[in-house]
Amino acid sequence: MRRAKRARDEFAELIRRAQRTRATRARVIIEQCLAMLPHYRGIPETHLADVRRSVLAHLSLFYRRTLATGGRLTFEDLEPSRLTARRRAAQGVPLGEFLTFFQVGLTIIWEHLIASANDSRVLRDRLLDRVDAIISNQAQLMTALVEAYVEESERLLRFREQDLDDFFRLLLTGDASDNVLEARARTLGLPLDTPHAIAIVAPGAGSASGAGIGPEEMRRRLTRHLRARVWLGRSREGFVALLPPDPDRRALAGAAGPAADERHVGVGGPGRGVEGLRRSAREALRALHIGTLQRRGERVHRFEDVEILDLVQVDSAASQEFMERVLGPLLQARASRVHLETLRQLVAHGHRIKLAAAALSVHPHTLTYRLKQIRSRFGIDLDDPDVRLRVQLALHVFDAQAQTEPRRARRKGTPGR
């Protein structure tokens, strides 16, 4: 009996000494983890102070519950640990590094206890008696930490997704002031100080596998293909993304998925700050609208690709009137196809007769004769620079409408013209 009581007293004294020196153990744990865990090396001092408090609290729990009694941790025992896990999730601490902190801590505690027992067989035996309880409680602790961390991460992700959706919708609609948008962007960590481009990925009508992907999958696709960080939200037009200033066309097509999915991407020019992003968003919308209707065979539409069409408001009644006014007489002639292709190749080759003739597979004299016919019969004098510009713009409108009409006809169930 005396021997058993003495063993209990010695073990209790070992625990008391460990408790009294827990600040030293906490410092050792933190120093070792800072040396081996990259994220913790860069955390603010306020967060580091919170880490110290957490380490001290878990050391006390270990000595008081696991080591002293060998009992299982209760729900109440684990609640502070769950709160810590939720804070680390909110702070963006990687889960692996967070859990490693506890694994390192247990190793350091155990090594210190074994060293403190010196050569006492009694103390070593008592420590070994606690191994099952230590392993069980450590597993219980790690499970509680993981569950709380993942739960908080998912909750924060849902809120962040909603906040990103709201930001991009406000950016596209113009319903919020610059100050409001700037405040929201700062809260979300959006980089307003460096140029970025807005892209809109519109849903397609295709039924191929994966056509109905969610925002997280689209964000992963864009990140993987562009090899850059991407911020993504949703609007009625589709996914809206903040991308590097000059995103690669092929990478965007790859992220949009197979051609059968029929997704189209509109990309605005690079912009800085809220004003620049507003402009880029407007450009992305116009690029998507014009490109989807009038760039047959293409799925990624940069604003620079359709800028001239946007300039002449190709989808407006005014552009139709302008095109008919410039090319009207020519369009009514039987030989309109030949004449239009002649003008198209001449414009495409900078009004250089030899190059345009080669593209048309005719002799330069033949091309010169055609131009005289166009001037005499239709009143289009290409020696006049103003006429050249009007013809070039009118041809852009005509070609865009030629691309659009078959699609409109197909949507109505009638054959294209």
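This report walks through the sheet, the helices packed on it and the confidence of a predicted model.

## Ground rules

Residues are counted from 1 along each chain as its sequence is written, and side-chain values use heavy atoms, with hydrogens and water left out. Since the model is predicted, local features need pLDDT of at least 70 and side-chain atom pairs count only at pLDDT 80 or more, while totals for chains, interfaces and linings use all residues.

## The sheet

Five strands (DSSP runs of E, at least two residues, numbered from the N terminus) make an open, mixed sheet in the order 2-3-1-4-5. Strands pair here if DSSP finds at least two bridges between them. Strand 2 (231-235) and strand 5 (300-302) sit at the edges with a single partner strand each, so one side of each has no neighbour in the sheet. From one strand to the next, the twist averages 20° (axes are lines fitted to C-alpha atoms, for helices over the stretch in contact; angles run from 0 to 180 degrees between N-to-C directions).

Strands 2 and 3 (the latter residues 238-243) run antiparallel, joined by 5 bridges. Leu232 has Ala241 in strand 3 as its bridge partner.

## Helices on the sheet

Helix 11 (residues 249-256; helices are DSSP runs of H or I, at least four residues) touches strand 3, strand 4 (264-267) and strand 5, where contact means heavy atoms within 4.5 Å. Its direction makes about 140° with that of strand 5. Helix 12 (residues 273-294) packs on the sheet too, touching strands 1 (197-202), 3, 4 and 5, at about 35° to strand 1.

## Confidence

Mean pLDDT (the predictor's confidence in each residue, from 0 to 100) is 86 for the protein, with 93% of residues reaching 70 or more. Among the elements, strand 1 has the highest mean (96) and helix 18 (residues 385-412) the lowest (69). Over residues 406-417, pLDDT is below 50.
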